[in-house]
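Colleague: I am new to this structure and would like a close look at a single part of it. Please take one loop and then place it among a few other sites.

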Amino acid sequence: MAEQPYTLRRRISWAAAAVIIGIVAAGFWNYHVVDDFGKNVVAAPLIGEDPAAATYEDKGAGFGFLFAAVAGLAATFTACNCVVFSMLPGLTCSKAASRFTAVRALLVFLAGVTVVCAAYGVYIGALGDGQLSQYNEREVRLSQAQTTFTILGCMMVIWSLITFGFMNRVISCLPASIRRFFASPMTQAGLMGLMSGFFAIGRPYPVFRDFLAYAAESGSVLYVMAAMVVQGIGQSVGLILVFAILIGGFGRKLSAWTAAHPEKLRLISSVALMIGGAYFIYYWGLAFAYDIGRWGFKLNWYAN
């Protein structure tokens, strides 16, 4: 358990500011802009303007894998995936301070994404084309999203509280071997990957729902599983690109800075996780339950 170089008052201030930033971002989130960008700018040039019109019988398995990658990529900045970037500080740097370790952390992260997406693909494939039509209704998917992302938001907030040092007394009660395991950069990268994989569960994004319907038409559980894994990689492309730029262009400087200032990295990671967690909880939990979101729409700043 690392010592905290910052005072309790300062850490509380940073945590409170992060919560406010997350809530404001969720309240003013314009889903029309990001959803339309994914559909019209990312998806349309690659799979057509009407993804729902594509059928497995006409397009086949190869197009399905392209559809999967595009469905994931198109969701990059949507409200059900944008929070993945809050995991970047913790993923990019580690005390090990080497490019090899950073790349290894990325691979472990992607392995976590793959495990969850593969399991979800098996579930979707087992439902079959008939049952999926009801499961894939927008209202059903929205309900699933509210539950899934609110839980993930709570997990991110708890993780942030731990790294901020607010739960040291609780953590100190755990065996030292468990504390060392969860403090490992590779363990944390794997956990981030598992959480990111869950972003696909309940995702109500139209392009993604069209992809699910397409994949289920194949009638093959293995095919749906493979396609879902490709989708999971697609939804991580944005993070991978930023990660590659940081490590490729600033790897040595990041390594030196991380080694010299591990407490600053911990602070940045804590703040980022708190922002992402607060965003998820407010956007998918509180705002939907109590109609306290959509500020820009209610102020007539955005077109409905």
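**The loop between α13 and α14**

Modeller: Arg 294 lies in the loop between α13 and α14. The model is a predicted one. In that model, the phi of Arg 294 is near 55°, a positive value in a residue that is not glycine. As a rule, most residues other than glycine have a negative phi. Arg 294 counts as partly exposed because its relative accessibility is 34%, and the partly exposed class runs between 20% and 50%.

Asp 291 belongs to this loop too, which is set between α13 (262-290) and α14 (295-298). Asp 291 likewise has a positive phi, about 55°, although it is not a glycine. Its relative accessible area is 52%, so Asp 291 is classed as exposed, the cut-off for that class being over 50%.

Another loop can be set beside this one. Glu 217 sits in the loop between α10 (206-216) and α11 (221-235). With a relative accessible area of 31%, Glu 217 is partly exposed. Glu 217 is also one of the residues of a negative surface patch, together with Glu 57, Asp 58 and Asp 129. Residues enter such a patch at over 30% relative accessible area, so the 31% of Glu 217 meets that condition.

A nonpolar patch on the surface covers about 360 Å² and is made by Leu 174, Ile 178, Phe 181 and Phe 182. Of these, Ile 178 is placed in helix α8, which spans residues 176-183. Ile 178 has 34% relative accessibility and therefore counts as partly exposed.

Two further sites are buried. Helix α3, residues 56-74, contains Ala 71. Ala 71 has 0% relative accessibility, so it counts as buried, a class that requires under 20%. The C-alpha atom of Ala 71 is separated by 8.9 Å from that of Val 42, and the two residues are 29 apart along the chain.

Thr 163 is found in helix α6, residues 138-164. Thr 163 is buried because its relative accessible area is 17%. Its side chain makes a polar contact of 2.7 Å with the side chain of Ser 270.

To return to the loop you asked about: Asp 291 is exposed, whereas Arg 294 is partly exposed. A positive phi is found at Asp 291 and also at Arg 294.

Conventions. Residues numbered from 1 in each chain as written. Predicted model: local features only at pLDDT ≥ 70, side-chain atom pairs only at ≥ 80, totals over all residues. Heavy atoms only, no water. Patch = residues over 30% accessible without salt bridge, like charges linked within 9 Å, V, L, I, M, F, W, Y side chains within 5 Å. Areas by Shrake-Rupley, 256 points an atom, 1.4 Å probe, with all protein chains shown as cover. Salt bridge = Lys/Arg side-chain N within 4 Å of Asp/Glu carboxyl O. Helix = DSSP H or I, 4+ residues; strand = E, 2+ residues; numbered from the N terminus. Buried < 20%, exposed > 50% of the residue type's maximum accessible area, 1.4 Å probe, protein only. Polar contact = N/O pair within 3.5 Å; in protein donor to acceptor, adjacent residues only side chain to side chain. Lys, Arg positive; Asp, Glu negative; His and termini not counted. Charge placed at Lys NZ, Arg CZ, Asp CG, Glu CD.
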